[in-house]
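Work through the exercises below with the sequence and the model in view. Try each task before reading its solution.

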Amino acid sequence: TELKEKGRSLRQHEQAKEIIRTVGQKTQEQLKFHIEDVVSMALDAVFDNPYSFAVDFLQRRNKTECDLYFVRDGNKVDPLTASGVGAVDIAAFALRIASWSMQTPHSNNVIILDEPFRFLSENYQEQAGNMLREISLKLGIQLILITHNATLAGCADKTFNVSIRKGVSKVTVN
């Protein structure tokens, strides 16, 4: 009798494990789609011949890990070693937005970014500013940027210029 109970318990645990595995896999598929979509759209909004973004969930050392790639012409590229002109900056920003958008409930609708596109080539700064404005409007979030880049600052609804004179900060509003 005890052996039958242990066998029944084992089968129930195996069924529960399979249910959890299936739910985890479906959740990963949804995350993959959402993240790839948001980041690829951001890259597309800024660059003429953009990479698309890919997410792969892999089992390593009995844990699920996530690999992130840029993809162009069917080739996967490591974003940190093989991309230029600031594509990583755009992808990093979009990953923050994707992460924020998956929170339930959303945290405060304000995101503060310090020099978010510092490695983005100057000729793409205006497109990045337009993308920021579009994301802000569509998602209903306020983006506060700290930047030295005049092109990006020019895309803002309101700018605050901070200068220091004799150790005292002075703020002017434009």
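The exercises go from the whole chain to one hairpin and then to a loop residue.

This is a predicted model, in which local features need pLDDT of at least 70 and side-chain atom pairs count only at pLDDT 80 or more, while totals for chains, interfaces and linings use all residues. Residues are numbered from 1 along each chain as its sequence is written, and side-chain values use heavy atoms, with hydrogens and water left out.

**Exercise 1.** State how many helices and strands the protein chain has, and in what order they run.

Solution. Helices (H or I, at least four residues) and strands (E, at least two) are DSSP runs, numbered from the N terminus. The protein chain holds 5 helices and 7 strands. Read from the N terminus, their order is α-β-β-β-α-α-β-α-β-α-β-β.

**Exercise 2.** Set the radius of gyration of the protein chain against that of a compact globule.

Solution. The radius is taken over C-alpha atoms, and the globule rule is 2.2 Å times the number of residues to the power 0.38. For 174 residues, a compact globule would come out near 16 Å, but the protein chain has 22 Å. Next, take the spans of the C-alpha trace along its principal axes: about 85 × 40 × 30 Å. Finally, 28% of the 174 residues count as buried (under 20% relative accessible area, with exposed over 50% and partly exposed in between; 1.4 Å probe, protein chains only).

**Exercise 3.** Describe the hairpin of β6 and β7.

Solution. Start with the pairing, which requires that DSSP finds at least two bridges between two strands. Strand β6 (residues 160–165) and strand β7 (residues 168–173) pair in the antiparallel sense over 6 bridges. One bridge joins Ile 164 to Ser 169 in β7. Then look at burial: of the 6 residues of β6, the number buried is 0, so this strand lies largely in the open. In β7 lies Val 168, which is exposed at 54% relative accessibility. The hairpin has 2 residues between the strands, and Lys 166 takes a positive phi near 55° there. Lys 166 also counts as exposed, at 84% relative accessibility.

**Exercise 4.** Locate Asn 62 and say whether this residue is buried or exposed.

Solution. Asn 62 sits in the loop between β1 (52–60) and β2 (63–72). Its phi is near 65°, a positive value in a residue other than glycine. With a relative accessible area of 79%, Asn 62 is exposed.
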